[in-house]
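Reader: I'd like to learn how to read a protein model one feature at a time. Could you walk me through one?

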Amino acid sequence: MITLGIETSCDETACAIIKNGKALSNVVSSSIHLHKKYGGVIPEIASRCHIEYINAVLKDAIKKADVKLKDIDLVAVTNGPGLAGSLLVGISFAKALGYALNIPVIGIDHLKAHIYANFIKGAAKDNPGFPFIGLVVSGGHTSISLCRNVGDFRFLGNTQDDAAGEAFDKVAKIMGLGYPGGPIIEKKAERAGRAGNVNFPRTYLQKGSLDFSFSGVKTAVLYFSKTKDYTQKAIPVVCRSFQEAVFDVIVDKSFEACRKHRINMLLVGGGVASNKRFCKKMSERALNCSVSLFVPKKCYCLDNAAMIGVLGEALYAAGKRPAADLKDTIRLRSRPEPRKTSTGFSKAVNHWR
Ligand code: KG4
Ligand code: ZN
């Protein structure tokens with residue numbers, strides 16, 4: 001069976017051809033260069049770019065996989081969470097293809113797909129299995145879930161404000177380092193060596209909570225940037241200290257989830273998982289806790305359509321069939337609903353990356 005995966009939830013337009021868990025092609029075209037000067041993704045620009053790029057991306061994916069359009073048996077498309085306009089482009093495109101080729105189109109959850117990226121053949125060091133704890137660390141989400149089989153994901157914890165990647169992006173903006181912040185902060189942190197440390201807060205929320213909150217550490221960097229200790233020379237140390245604070249909490253909560261649910265397999269996905277320091281900290285803890293850790297290759301950590309196709313293929317094999325009208329299933333945010341801030345304004349916009 002040949003599956004076409006389509007991903008357009010944010011600023012990457014992506015198509016991939018999947019056959020029996022293998023990515024025959026994985027094409028990604030990003031509009032990030034257009035968002036850089038704004039320091040974040042502008043939804044209207046992102047959706048217009050998807051319309052411009054998607055035909056060419058599909059053609060390229062088909063060519064690289066050496067298949068024909070008529071060979072495709074199933075279309076799997078991201079239906080949330082994400083930017084409404086961006087999702088709509090991918091879903092409309094998928095539905096048109098499904099109609100023209102007379103093949104099924106199924107909607108795929110972007111977060112579950114990030115974790116499922118570990119099942120792409122050759123993506124991780126080994127083949128994972130079930131059950132597992134899934135961790136998503138991306139620009140829009142930080143979540144922990146428990147998965148007993150392909151159709152049974154249960155969310156155990158979620159970000160209550162900024163996601164991990166979002167905190168990296170905002171902290172880089174505070175320091176005037178550019179966008180996206182993750183890779184820049186990682187590089188600066190590497191240059192810090194071992195000397196110096198700023199003691200940024202680690203937020204654990206209530207005892208036993210698997211939810212996350214990174215707005216405190218972000219604000220702590222903002223306050224620190226206004227002190228006399230903040231100089232150009234101090235930036236690498238600030239980056240390293242910030243990174244450590246964020247990663248300490250993620251590592252602790254992920255392995256706490258494994259302990260609590262007696263699961264010894266942990267699958268990680270999302271852009272932040274491409275950070276080498278993060279992977280090192282996770283691997284060290286995994287060894288200590290006797291947990292098998294899976295992190296996909298960088299190209300499958302960042303937004304891509306192979307993860308959508310592979311999860312689609314597995315769900316279809318497990319009996320999932322198209323919803324009556326895929327448009328109705330567009331979801332803008334992950335559950336649970338974002339909480340109100342103390343000022344009463346919804347933080348929803350933070351989840352719309
Ligand atoms: O998974 P992804 O490509 O898109 C979303 O679904 O959000 O993740 C993008 C996020 C951005 O916030 C980016 O700053 C972060 O991942 N990121 C990193 C690194 N590379 C990308 N964060 C930390 N270290 C990195 N090396
Ligand atoms: Zn993503």
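Author: Happy to! Let's start with a term: donors are N, O and S atoms within 2.8 Å of the metal, or 3.2 Å for Na, K and Ca. Keep in mind that this is a predicted model.

Reader: How are the donor residues of the zinc ion (ligand 2) spaced in sequence?

Author: Their spacing reads H-x3-H-x188-D. The protein donors behind that pattern are His-110 (NE2), His-114 (NE2) and Asp-303 (OD), at 2.0 to 2.1 Å from the ion. His-110 belongs to helix H4 (residues 110-116), while Asp-303 sits in the loop between helix H10 (298-301) and helix H11 (306-317), so the pair, 193 residues apart, links distant parts of the chain. Both His-110 and Asp-303 are buried.

Reader: Why is the arrangement around the zinc ion (ligand 2) called what it is?

Author: First the general idea: ideal angles are 109.5 degrees for four tetrahedral donors. Four donors count as tetrahedral if all angles lie between 85 and 135 degrees. Around this zinc ion (ligand 2) the four donor atoms subtend 96 to 134°, and therefore the arrangement is tetrahedral.

Reader: Next, the nonpolar core. Which residues touch the most other members of the largest one?

Author: In soluble globular proteins, nonpolar side chains tend to be buried together. Here the largest nonpolar core has 51 residues, and Leu-135, Phe-200, Phe-242, Ile-250 and Leu-266 touch the most other members. Elements giving two or more residues include strand S6 (132-137), helix H5 (164-174) and helix H8 (235-261). H8 gives the most, with 14 residues. Apart from this core lies another, of 35 residues, with Ile-106 and Ala-314 among them.

Reader: What is Leu-135 in contact with, beyond its neighbours within four places in sequence?

Author: Its partners include Ile-115, Phe-212, Ile-250, Leu-266, Phe-278 and Met-282.

Reader: Now the backbone. Where are the peptide bonds that are cis?

Author: One joins Gly-80 and Pro-81, with omega about -10°. Pro-81 lies in the loop between strand S4 (74-80) and helix H3 (84-101). The other example runs from Phe-130 to Pro-131, with omega near -10°, and Pro-131 is found in the loop between H4 and S6.

Reader: And phi: what is its value at Asp-66?

Author: Asp-66 is not a glycine, yet its phi is positive, about 60°. Asp-66 is in the loop between helix H2 (43-65) and S4, and is exposed, with a relative accessible area of 70%. Ser-290 also has a positive phi, near 55°. Ser-290 falls in the loop between H9 and strand S10 (292-294) and counts as exposed at 60% relative accessibility.

Technical notes. Residues are numbered from 1 along each chain as its sequence is written. Chains are lettered from A and ligands numbered from 1 in the order in which they are written. This is a predicted model: local features need pLDDT of at least 70, side-chain atom pairs count only at pLDDT 80 or more; totals for chains, interfaces and linings use all residues. Side-chain values use heavy atoms; hydrogens and water are left out. A nonpolar core is a set of buried Ala, Val, Leu, Ile, Met, Phe, Trp, Tyr and Cys residues joined through side-chain atoms within 4.5 Å. Buried means under 20% relative accessible area, exposed over 50%, partly exposed in between (1.4 Å probe, protein chains only). Helices (H or I, at least four residues) and strands (E, at least two) are DSSP runs, numbered from the N terminus. Contact means heavy atoms within 4.5 Å. Four donors count as tetrahedral if all angles lie between 85 and 135 degrees; four count as square planar and six as octahedral if opposite donors are over 155 degrees apart and all others between 65 and 115; anything else is irregular.
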